[in-house]
Amino acid sequence: MSTPSVAIPAVSASERRLSQRARTAVAVAGAVVVGLCFARFGLSGHAVVGSIFGVTLVYLAAFDLEHRLIPNRVVLPASAIVLAAQIALYPSHAVEWLAAAVFTAGFFFVTLLISPTGLGMGDVKLAFLLGAALGTAVVGAILVGTVAAAVFGGVLILRGGAQARKTAFAFGPFLALGGIVALLLS
């Protein structure tokens, strides 16, 4: 006798929403990031682009924490807007922005191919956004994000023992943290 199967409806990314708590956290953290951008860069195009980039990272981090997904509907338009704005503001650095975006995403894509369980395509697209916004400073962002993720993983292992080594967690929030740190220190 076979057990009846129950169809579970798939929920698309467009149907996923942030919880009220996450929306509040995004609003507060986003406002802080915008304030820090204008404090750091003054009333400038750099502050505007940094604010768009920073708020996007805050939203993507929250979404990844709740849904384990980086939505294309956010990361792709943000990447296009940030890259276009960077090139418009700093045309002499166009090659830097584009190369950093492509090479960072390429590095993450190769890493995904080597170890498919470690990253997702959302992380690859987020890497493109980081490169487009930060140029060569993306190296520092990736370093900060990776170290923060390693520290978090170490804490998980200390608390959960050897079984915790197989615990999966969202990498996007760590990359977002690295991106914001690199933005504000650049």
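This is a short talk about the overall fold of one protein and the empty spaces in it.

Okay, hi everyone. Before anything else, keep in mind that we're looking at a predicted model.

Let's begin with the fold. The protein has seven helices and zero strands, so if you read along the sequence you simply get α-α-α-α-α-α-α. What about its overall size? The radius of gyration comes out at 18 Å, and the globule rule gives 16 Å for 186 residues; those are close, so the protein is as compact as a globular protein of that length. If you'd rather picture a box, the C-alpha atoms fill one of roughly 70 × 35 × 30 Å along the principal axes.

Now, inside and outside. Of the 186 residues, 39% are buried. Take the contacts between residues at least 6 apart in sequence: 70% of those join residues at least 24 apart. As for the surface, about 10,500 Å² is exposed, with carbon and sulfur atoms supplying 72% of that.

Right, on to the empty spaces. The largest pocket holds about 530 Å³ of space. It has 24 lining residues, and the closest to its centre are Arg68, Thr117, Gly118, Phe169 and Phe171. Which elements give two or more residues to that lining? Helix H5, residues 121-134, and helix H6, residues 138-160. By type, the lining splits into 11 nonpolar, eight polar and five charged residues.

The second largest pocket has about 170 Å³. Its lining includes Phe107, Phe108 and Thr111, and you'll also find Gly118 and Phe171 there, two names we just met around the centre of the largest pocket. Helix H4, residues 94-114, and H6 each supply at least two lining residues here, and H4 gives the most, with three. How many charged residues are in this lining? There are no charged ones, just five nonpolar and four polar.

Last stop: cavities. Searching the whole structure turns up one cavity of 30 Å³ or more, and its volume is about 30 Å³. Lining it are His46, Val49, Gly50, Phe53, Gln86, Ala133 and Leu183. Which helix contributes the largest share? That's helix H2, residues 45-67, with four residues. This lining again has no charged residues; it divides into four nonpolar and three polar.

So, if you're turning the model around on your screen, try finding Gly118 and Phe171 in the second pocket's lining, then look for H2 beside the cavity. That's it from me, thanks!

Notes:
Residues numbered from 1 in each chain as written. Predicted model: local features only at pLDDT ≥ 70, side-chain atom pairs only at ≥ 80, totals over all residues. Heavy atoms only, no water. 1 Å grid on protein atoms, 1.4 Å probe; cavity = no way out; pocket = protein on both sides within 12 Å on 5 of 7 lines; lining within 4 Å. Points joined across faces, edges and corners; volume = space filled by probe spheres on them. Nonpolar A, V, L, I, M, F, W, Y, C, P; charged D, E, K, R; others polar. Rg over C-alpha atoms; globule rule 2.2 N^0.38 Å. Buried < 20%, exposed > 50% of the residue type's maximum accessible area, 1.4 Å probe, protein only. Contact = heavy atoms within 4.5 Å. Areas by Shrake-Rupley, 256 points an atom, 1.4 Å probe, with all protein chains shown as cover.
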